[in-house]
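Reader: I should like to learn how to read the features of a structural model. May we begin with burial and proceed from there?

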Amino acid sequence: MATPPPPPPTHTHSPPPNPSTPTPRPERRPSPLAFSSPVPPRFSPQRSPHDPSSSIQTPPPLLSPAVNNGNSPASKFSTPPGPPVFSSPLRPAAVPFRTSPASPQPVAFSLPSMLPTSSSPRYSNGSVGLQPQISGDTEEEFMHVGESPYVLFSAHKVLKHKKQANVPSLGFGALVSPGRNISSGPQVVQRDPHRCQNCGAYANMYCKILIGSGQWQCVICGKLNGSEGEYIAPSKEDLRNWPELSSPLVDFVQTGNKRPGYVPVSDSRMSAPIFLLIDECLDEAHLQHLQSSLHAFVDSLPQTTRIGILSYGRTVSIYDFSEGSVASADVLPGDKSPSQESLKSLIYGTGIYLSSIHASLPVAHTIFSSMRPYKLKLAEASRDRCLGTAVEVALALIQGPAAEVSRGIVKRSGGNCRIIVCAGGPNTYGPGSVPHSFSHPNYPYMEKTAIKWMEDLGHRAHQHDTVVDILCAGQCPVRVPVLQPLAKASGGVLILNDDFGEAFGVNLQRAALRAAGSHGLLEIRGSDDIDITQIIGPGEEAHLDTHETFKNDTSICILMPSVEETQSFALSMETKRDIKSECVYFQFVVRYSNIYQAEISRVITSRLPTVDSVSAYLESVQAEVASVLIAKRTLLQAKTSSDAVDMRKMVDERVKDIALKFGTVAPNSKLNRFPKELSSLPESLFHLRRGPLLGGIVGHEDERSVLRSLFLNASYDLSLRMVAPRCLMHRDGGAFEELPAYDLAMQSDAAVVLDHGTDVFIWLGAELAAQEGKSAAALAACRTLAEELSEFRFPAPRILAFKEGSSQARYFVSRLIPAHKDPPYEQEARFPQLRSLSVEQRTKLKSSFIHFDDPSLCEWMRSLKLTPPEPS
C-alpha cells in the first residue's frame, strides 16, 4: 500500500489579537462525535490547493453520498476517487494499470487576485473594506472552486429558474464522502474553528473579511461575526496564512485530555481489537477453505493487533490464550443470552480472551487447526447456530474488564473494536434466531421478532464503539433480512461469498484493516435558496436542538454509526424559489473521534455559480455522477424483485422525461432527440435496468438484498462500477484498450476484462485459448489488471476467469449490451474498434452470436420513441 505524504504542517502564525473587538466564540454542539481516518488508497499525487504552481492541477475525483425516500420516517434521510481511466495509446504490459483520476475531474482550487475594494460591499464598522477571499468576477473562476475531493455535484452550475431546475427525472444533487482519505489530505489545524453565531456555519475561504477588525461575513446566512481579532491582517494576502481561509477543506483537531501527545499525521493508524466469531457447523470442504483463510489472516495482521476467537454452534466456545500452545476454551450455552454470573466468571477469571498477535500467534494457529467439521447428518440450513449469543458474549468481553497480557503488563481493551463473523448459515438457535424451515407456522412473526432483536443488538454494539461485520460464504441461505440489521445498526457490512476461499480471505483482511471512526455526525448547510429533499447513506437523521447556541441553525444532521472511506451519502436537492444571486454555497462538516480518541471537525465548503441558460447548465452536468444519484434514488425503492421490475419501468419513464424536458424533436421525425450534452447518461441507465441491481441476472433474493444495501452506501467509484461495467481488451504487447461494454468485444482472438464492481470477469476467446503460451500470458496480464483494479476495494470482488463458450461465460455475456443486433453503421459509430477488423474477422464475429430477445441500446431507445444519443 502506498504511504501517502503527511498533511501540510499546521500553521502556527497567529496575527496579534485586537482587544478592542472581543467576540465570544460559540459553544460546541453537545453531541458525541467519532470517526477515524480510513486506509488511504493509492491515488495520484495532488498538490496543496494553495500551491501557486498548481493552477492547472487535477485532484482526484470526489466521493459520493447517498439518497433517501421522501416517504420514509425520517423525511430527509434514508467511498475513493473515480475509477482509473485507460487512455490510448495502449500501455505496455509492465504497467497494465495506472491509477489516474477519472471523470469528473474537478479543476484544482486556485486563489486568483482579490476583487478591488470598490467591488465589495462596504461596512462602516471597519477601517478596511470587507474583502472576499476568492474573487468572483468571471464564471470560470467558479469552476476552479466548485468542488472538493470529498464532494461530487451532479452539475457544476445551478439553474436560477425554479421551474427549469426542479425537473425530477434528471434532478440535482451531490455525492458526499466525508470519510474519504486522499494522499495530500486536508490541512490540519489544532484549535477551535470560528463559527457563525447565527447559523453555526464555519469560517471558510469564501467569506468576506474586514481585515481592519478581523470580522467575517458568513456565506450561508450573511451575518457578520467576530474572530477574536485573529483575522486582523496588514493585507488580504496575509489572510492566506489561515488554512480555513486558503483551502476549501480543513480538519480541526481537538485532542483534549484523551491523548495529550497526539500528533495529527494522516497515515498514522492504530490497529483496533478484533474478535473472530467462527461457525462450527461447516462441512469438511468449507472448513478447510476457512482454516486456510484464517491462518493467512492472522499472519497478515500487525504484531500489535489484539485478537479474540470465539466459535459457535449449539454452544459458544471462548478460546483462552493463557494456555500456551494448547487450544483451550470456556463454553457457554447458546440457547439463551449469557447470564451475568457466567460473564463475571469470564471477565474476572484467570483466562485471557483478548491478546496481541505477537504474544498469541502460535495459539491462534493451533485453535484454527483444532476445528473439526460438522458430524451430524443434517442439512446446512437445519443446523443449530447461536450467532446472536456469540455476539453478546463478544460484546461483554469488549466492555471489559477483559484483559490482555503482554510482557507481564495487563491492559484493558479499548473501544473501536471490530467483531467479524464468519458464517456458513442462518442464526437458528437462541436469541434472534429463526426456525430452520420457512414452512414453520409461526415463521413471519418469529422473523419479525428476530429482526428487531438483531437491530437492538447492533445498536448495543454501536454504543460500545464496536462494529460488527458479517462475512457469509457457501450455498446455504443465511436469511439476510435477519442478519442485515445487526451489521447495519453497528456500522458494519454483510458480505456474501461463494465459498471461504480466496475472495473471502481478502475480504477478511480488508474488513479488519480498514480504519473506522464511531459516533460520527454529518452536518449539511446550504444557501437559503437550496432545499435538501432526500439523503441516502449509512446513517440516520439526528434531531439535535442547538438553538441555545445558534439561534437560526437550519443544518441537517446525520448520525453515522461508523465513518469509513468506503461510504458515501447521496443528496437530492431542489431550489425553493428563483435564485437571484450569482452563486450558491454548500458546507459539509463531519465531526467524529478517530482511533486516537481525538475529536475531528472536517469542514468542506463548496461554491457553485448560477446560470439562466439551460444549455450552459446541461454542459456542466456530470453524467456519471448524475447516473449514480439516479441509480441510488431508484434502488432505494427496489426492496424486492417485484419492486425491481417496477423500477425498470421507472427508468424508462425517466429517460423519456429527460428527453422531453431538455431534448429536441428530431427533424422529419416524431422521435425526441436526447440532449447531446447528456449523451452518455442513457447508456449508464440502460446498464442499470438490465444489470444485477435491477435486472434478472441475480437469482437469489439474499444476493439481491446484499447488493442493494451495499450500493446504497457505497462510495462513488464502486457505485459507478456497479451501475455501468468497464470493459478492457488485452492487446498484443501486454497493453489494454478500454472499449464500450458491448458484446462486440467478444472477439475470439482476444482476452477481455470486465469490471462490474462486485465482480471482475476475465473472458478468453476460443482462438486465443487454443494457443497455450499466448493465452497463459494474456490470462496472467488480465489477472494482474483485475487485482490492480480492485486493490483497495471493499468488499473485494470475486475474480472469475473462463473461456468462450463455457457455462460460466454467461455471467460475462449477460452484462454486455447486445450491440450485435444493430446495423453496421451504428456498431461502428459506438464501437470504433470494429473498423480495425478485417472483413473475415467481422463475419466470424457476427456468426458467433446467439440470437435472443434482449434489446440493444438503440432498440431500447427507439422503443421509448427517442432517437439514440450520438456517441460521446
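Author: Let us begin with a definition: a residue counts as buried if its relative accessible area is under 20%, as exposed if over 50%, and as partly exposed in between. The model before us is predicted.

Reader: Is Phe500 buried or exposed by that scale?

Author: Phe500 has a relative accessibility of 0%, so it counts as buried. Phe504 also stands at 0% and is therefore buried.

Reader: Which residues fall elsewhere on the scale?

Author: Two examples will serve. Asp465 has a relative accessible area of 21%, so it is partly exposed. Lys865, at 59%, is exposed.

Reader: What is notable about the backbone of Asp465?

Author: Its phi is positive, about 55°, although Asp465 is not a glycine. The residue lies in the loop between helix H7 (443-463) and S18. Lys865 is a further case: its phi is near 65°, again a positive value in a residue other than glycine. Lys865 is placed in the loop between helix H21 (857-863) and strand S34 (866-867).

Reader: Where does the model contain a cis peptide bond?

Author: The bond from Phe794 to Pro795 is cis, and its omega is near 0°. Pro795 belongs to the loop between H17 and S33.

Reader: How should one describe a pair of aromatic rings?

Author: Such a pair is described by the distance of the ring centres and the angle of the planes. For the angle, planes under 30 degrees apart count as stacked, those over 60 as edge-to-face, and the rest as tilted. A search of the whole structure finds 11 aromatic pairs. In one of them, the ring centres of Phe153 and Phe586 are 5.0 Å apart and the planes stand at 45°, so this pair is tilted.

Reader: Which parts of the chain does the pair of Phe153 and Phe586 tie together?

Author: Phe153 lies in strand S2, whereas Phe586 lies in strand S25 (residues 583-593), so the pair links parts that are 433 residues apart in sequence. Phe153 has 0% relative accessibility and therefore counts as buried. Phe586 is buried as well, with a relative accessible area of 2%.

Reader: What geometry do Phe500 and Phe504 show?

Author: Their pair is edge-to-face, with 4.9 Å from centre to centre and 70° between the planes. Aromatic residues may also be grouped: Phe761, Trp763, Phe802 and Phe812 form one cluster.

Reader: Which charged side chains sit over an aromatic ring?

Author: The charged end of Arg479 sits over the ring of Phe438, at 4.4 Å from its centre. Likewise, the charged end of Arg798 sits over the ring of Tyr811, here 5.3 Å from the ring centre.

Reader: I should now like to turn to the sheets. In what order do the strands of the open sheet of 4 strands stand?

Author: The order is S2-S4-S24-S21, and the pairing is antiparallel. Strand S2 (151-153) and strand S21 (530-536) each have a single partner strand, so they stand at the edges, and one side of each is left without a neighbour in the sheet. From one strand to the next, the twist averages 25°.

Reader: How many bridges join S2 to strand S4?

Author: S2 and strand S4 (residues 172-176) are paired over 3 bridges in the antiparallel sense. Within S4, Ala174 is the bridge partner of Phe153. Phe153 is also the residue whose ring pairs with that of Phe586.

Reader: What is the arrangement of the open sheet of 5 strands?

Author: Its order is S30-S29-S31-S32-S33, with mixed pairing. Strand S30 (736-739) and S33 are the edge strands, and each pairs on one side only. On average, neighbouring strands of this sheet are turned by 20° against each other, direction ignored. Strand S29 (residues 726-730) and strand S31 (residues 751-755) run antiparallel and are joined by 5 bridges. Met729 stands opposite Val752 in S31.

Reader: Lastly, how does one read a pocket, and which residues are closest to the centre of the second largest one?

Author: One may consider its volume and then its lining. The second largest pocket holds about 1300 Å³ of space. It is lined by 48 residues, of which Leu496, Asn497, Asp498, Asp759 and Arg798 are the closest to its centre. Among the elements that each supply at least two lining residues are strand S19 (494-497), helix H9 (502-513) and strand S33 (798-803). Arg798 is also the residue whose charged end sits over the ring of Tyr811.

Conventions
Residues numbered from 1 in each chain as written. Predicted model: local features only at pLDDT ≥ 70, side-chain atom pairs only at ≥ 80, totals over all residues. Heavy atoms only, no water. Pairing = 2+ DSSP bridges. Axes fitted to C-alpha atoms, helices over the stretch in contact; angles between N-to-C directions. Phe/Tyr/Trp six-rings, centres within 6.5 Å; stacked < 30°, edge-to-face > 60°. Buried < 20%, exposed > 50% of the residue type's maximum accessible area, 1.4 Å probe, protein only. Lys NZ or Arg CZ within 6 Å of the ring centre and 35° of its normal. 1 Å grid on protein atoms, 1.4 Å probe; cavity = no way out; pocket = protein on both sides within 12 Å on 5 of 7 lines; lining within 4 Å. Points joined across faces, edges and corners; volume = space filled by probe spheres on them.
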